[in-house]
Amino acid sequence: MERKYPNLSKPIQIGNVYFRNRMFGAPMGGTDITADCTIGPKTTAFYELRAKGGVANVTVSELVVHPKTEASHMYHLDLQTVNSLASFTYTADAIRRHGAIASVELSHSGQYAGTYLVDKDKKEGMAQWGPSAGLRPDGREVKELTKELIQEIVEAYGEKAALAKKAGFEMVMIHGGHGWLINQFLSPFFNKRTDEYGGPLENRVRFAIEVLESVRKAVGPGFPIEFRMSGSELFEGGYTLEDGVEIAKLIEDKIDLLHVSAGTYQKGFGVTHPSMFLEHGPNVYLVAEIKKHVKVPVATIGALNDPEKMEEIIASGKADIVEMARALLADPELPRKVMTNNDHLIVKCMRCFTCMAERAVTGTRRCTVNPMIGRESDGLEIIPAANKKKVLVVGAGPGGLQAAYTAARRGHDVVLCDSNDEVGGILIGEKAIPFKYSMYELGVSLGRLAKEAGVDIRLNTTVDKAYAQNENADVIIVAAGSKALVPPIPGLDGANVIQATAYHHNQDQVKDSVIVLGGGLSGTELAVHLANEGKAVKLVEMGSELAPDANIRHRPLLLDEVNKKGVEVFTDHKGLQVNDNGIVCLDKEGNEVVLEGRTVICALGQVARRDIVDELIDEAPIVKTVGDCAKVATITTAIYQGHHAALDI
Ligand SMILES: Cc1cc2nc3c(=O)[nH]c(=O)nc-3n(C[C@H](O)[C@H](O)[C@H](O)COP(=O)(O)O)c2cc1C
């Protein structure tokens, strides 16, 4: 068979282990880590899902090596607690039985211990240890690690690596990047020591080298050790790419794979986990430079999900391996689809950060585009339905597409209708906003998957009572979405006003000075886009905050864009009237304020399309509603509801 992506599909030997391809699974912690530090069944299933999808390895994470001086998350894994070894062994098995290599990441968060604890009481009870004493930005005191503690930690890395090997892991990843302890030692910003662990780079690398030697002693020769580093810290005062090259040269003979990431969690979250505001693969340049100076195989990471781009990275010699985190949440089968030339069926990550935000807020994992995430242990198989039914899905937005796709995979006879001339529903409009293009692509991919699964997709087709009666379906799934909320503000029907959801039809009419009325998530994103287009943008919001509906990871990055792109923000401004010159608002003090702008974009929210639900509610024995027409919510909700509506038939 001629593989479309021969480089990505090619096996590679690292140490004495063979990996089935060049697509590696970067660490992503699960969620049900138990109070006694073991891996719960949900998390085992979370890792297993990716192993099944064909990735070369799966890296289990959030194992802290030295709990005495560390605790980075709500709970962490600790191989030395009772039962922990068994849970690790089951997890390694779950990965290995699908032909993936089980790897485990050993980490220590150093001075940032406890920063991300959901249980803040626990955080207050902790001490923080770093290479040097100081104060953290949140006011917590950091203590300098003594040499005795350093030696304990170094030994702990070896002990934990040996236990991981005993549990059946065939590889370890040492986390030396992203601002955690080893990175703190490498960094001139964090490391102010005057002993042999501080000062010149050779000294700052000493801790990493001792850790790697301790691990090698524990696991023996040939056992692959992957070292994750940030190619550059990417902030003022941190180490640079030139330093990154030197670090790589100093450690390369201690490791089998050098994994080059970027930046730090704390000071560059949106670069370490490249946000939608960056291009895909924005950090590849770091690995490409480092590779020129080392012989050890190198891996790259960061917003990679396009097989063509990943193939090119390997083919052109920039890296030997590509690693993915979010892309494999979005579509765990991405590697299999690449290897079987089915890349057109990949569902791509939109970089919406639901995955990381949910973890921080509720301690759970979700993925907007993959309804399996968070319920992997409930069973992943799509079980064929006992009785084939005729299913009519109304609306080809994300919820309807997902419902149709899942129902067809269960063997039902599915018709999907939409009044538009393409699938995607509310996602169609995102094609006009480059940094949200992946959202548009989601509709396209789900449409392809639905079609492949046998769904009869009927575009330009409005479903009314008569149409539904004629179809005579056993089940109707109404996924009719929402329509723009247009409050009775005088002038909102003017020729200079465009609805945000219709922006893609009218973008040529937008003049150089624009007022976006409504600073929720979509209005704020649109304002950033218009500013990117070179328009002078005023963003007007009645509430006191912008984008309160954005998740906690995306929101700071979005607000940063608002700032950087020069969008003028008017919070606490209520729109009273729109006229040809702009809008009249009422500010917090009750003053009338006139804001000038030649185009007004109305982004005041959405209302459920209950009219369609009401019309169809009795047109089949079972009528289900999913997504915005049930209640205006998120794409995540629409996709999860669509999937489960189809499972419930
Ligand atoms: C949900 C989630 C959990 C993560 N957990 C870890 C972790 O436990 N350890 C780690 O080193 N990196 C972790 N990361 C960072 C990823 O390994 C990766 O470096 C980053 O997401 C950039 O890759 P991507 O663009 O392919 O997602 C996590 C990322 C995500 C999205």
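**Exercise 1. Compare the radius of gyration of the chain with that of a compact globule.**

Step 1. Take the radius of gyration over C-alpha atoms; the globule rule is 2.2 Å times the number of residues to the power 0.38.
Step 2. For 649 residues, the rule puts a compact globule near 26 Å.
Step 3. The chain has 26 Å, which agrees.
Step 4. Add the extents: the C-alpha trace spans about 75 × 65 × 50 Å along its principal axes.

This is a predicted model: local features need pLDDT of at least 70, side-chain atom pairs count only at pLDDT 80 or more, and totals for chains, interfaces and linings use all residues. Residues are numbered from 1 along each chain as its sequence is written.

**Exercise 2. Describe the secondary structure and the contacts of the chain.**

Step 1. Use DSSP runs, numbered from the N terminus: helices are H or I with at least four residues, strands are E with at least two.
Step 2. The chain has 23 helices and 28 strands.
Step 3. Call two residues in contact if their C-beta atoms, placed from the backbone, lie within 7 Å.
Step 4. Of the contacts with a separation of 6 or more, 70% join residues 24 or more positions apart.

**Exercise 3. Is N341 buried or exposed, and what about N460?**

Step 1. Count other C-beta atoms, placed from the backbone, within 10 Å: buried is 20 or more, exposed is 12 or fewer, partly exposed is in between.
Step 2. N341 sits in the loop between α14 (334-339) and α15 (354-362). Its phi is positive, about 60 degrees, though N341 is not a glycine. With 14 such atoms, N341 is partly exposed.
Step 3. N460 sits in the loop between β16 (456-458) and α18 (465-471). Its phi is about 50 degrees, again without being a glycine. With 10 such atoms, N460 is exposed.
Step 4. For the chain, 54% of the 649 residues are buried.
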